[in-house]
Amino acid sequence: TLDEPDYNSLADATATNGTSPNPPWSTLILRKLLQNNTFKNDFINRFADLMNTNFLPARMIAKQNEMAAVIAPEMPDQYFRWKAPLNNGDWQYHLNEHVNFFNQRPAFQRTHIRSKFSISSNINATLNTSNYDHGYVKISTIEIKDGTPGITGNPYPWTGIYFSGIPLKLKAIAKPGYVFSNWTGASTSTDDEITITPTGNFSITAV
């Protein structure tokens with residue numbers, strides 16, 4: 001719920017003795033899938049991908065503001081007829097509560113992931129490219145380029161929050177007319193697709 005930023009939905013979704021709405025039979029498939037190490041790592045990284053893009057607090061707040069602007073002209077009739085919310089001040093209070101939730105939730109969510117999978121810490125993955133006009137980087141399932149949720153314009157250098165000890169797939173994608181040369185920083189590989197298993201913050205650049 002919005003007033004409980006520490007609510008651990010992951011624990012409920014993987015409980016072996018849960019009650020409604022998460023009885024054991026309903027969590028069985030996810031629990032079994034998470035026993036597969038490849039699936040587990042992909043699950044953790046996809047979770048991080050979404051937290052670094054779709055569910056960035058700034059993006060969530062902007063979405064709320066966009067929706068609120070659409071319904072704002074109708075709110076006076078809402079107050080008059082239904083008294084829920086009571087008035088504009090009451091409505092703004094609840095909107096601000098959502099903002100507080102959006103800002104607090106990511107840290108709690110990452111704590112839940114670390115706790116569930118015995119991960120020691122978050123890590124910062126900083127990605128760069130020698131020239132954004134020449135190409136960009138894909139990390140896990142997200143392309144770090146304009147148009148990806150939460151990314152506008154030239155995003156480099158870009159930093160996302162991932163997890164220590166969880167392998168990360170990186171891919172350098174050249175734009176038409178260019179070719180990938182090599183990585184610098186955390187890797188000097190000449191392969192356009194590499195995997196890094198970070199134990200701490202790292203920086204890497206695609207040339």
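1. A quick definition before the notes: the expected span of a helix is 1.5 Å times one less than its number of residues. Keep in mind that this is a predicted model.

2. Let's try that on helix α3, residues 37-52. With 16 residues at 1.5 Å a residue, α3 should span 22 Å, and its end C-alpha atoms are 22 Å apart, so the two agree. At the N-terminal end, Asn 36 acts as the cap: one of its side-chain oxygens sits 3.0 Å from the backbone nitrogen of Thr 38.

3. Which residues of α3 are buried? They are Asn 41, Ile 44, Asn 45, Phe 47, Ala 48, Asp 49, Met 51 and Asn 52. An α-helix has 3.6 residues a turn, so residues three or four places apart point the same way. The packing partners of the buried α3 residues are α6 (88-117) plus the strands β2 (135-139), β3 (142-144), β4 (158-163) and β5 (168-174).

4. On to the pocket. The largest one holds about 270 Å³ of space. It is lined by 13 residues, with Phe 47, Met 51, Phe 55, Arg 105 and Gln 109 the closest to its centre. Two or more lining residues come from each of α3, α4 (57-71) and α6, and α6 gives the most, five.

5. Last, the nonpolar cores. The largest has 35 residues, and the members touching the most others are Leu 127, Ile 139, Tyr 162, Leu 170 and Trp 183. Leaving aside residues up to four places away in sequence, Leu 127 touches Val 137, Ile 139, Ile 144, Tyr 156, Pro 157, Trp 158, Leu 170 and Ile 204. Another core, of five residues, lies apart from the largest and includes Ala 68, Met 75, Trp 91 and Leu 95.

How values were computed: Residues numbered from 1 in each chain as written. Predicted model: local features only at pLDDT ≥ 70, side-chain atom pairs only at ≥ 80, totals over all residues. Heavy atoms only, no water. Helix = DSSP H or I, 4+ residues; strand = E, 2+ residues; numbered from the N terminus. Buried < 20%, exposed > 50% of the residue type's maximum accessible area, 1.4 Å probe, protein only. Contact = heavy atoms within 4.5 Å. Polar contact = N/O pair within 3.5 Å; in protein donor to acceptor, adjacent residues only side chain to side chain. Core = buried A, V, L, I, M, F, W, Y, C linked by side-chain atoms within 4.5 Å. 1 Å grid on protein atoms, 1.4 Å probe; cavity = no way out; pocket = protein on both sides within 12 Å on 5 of 7 lines; lining within 4 Å. Points joined across faces, edges and corners; volume = space filled by probe spheres on them.
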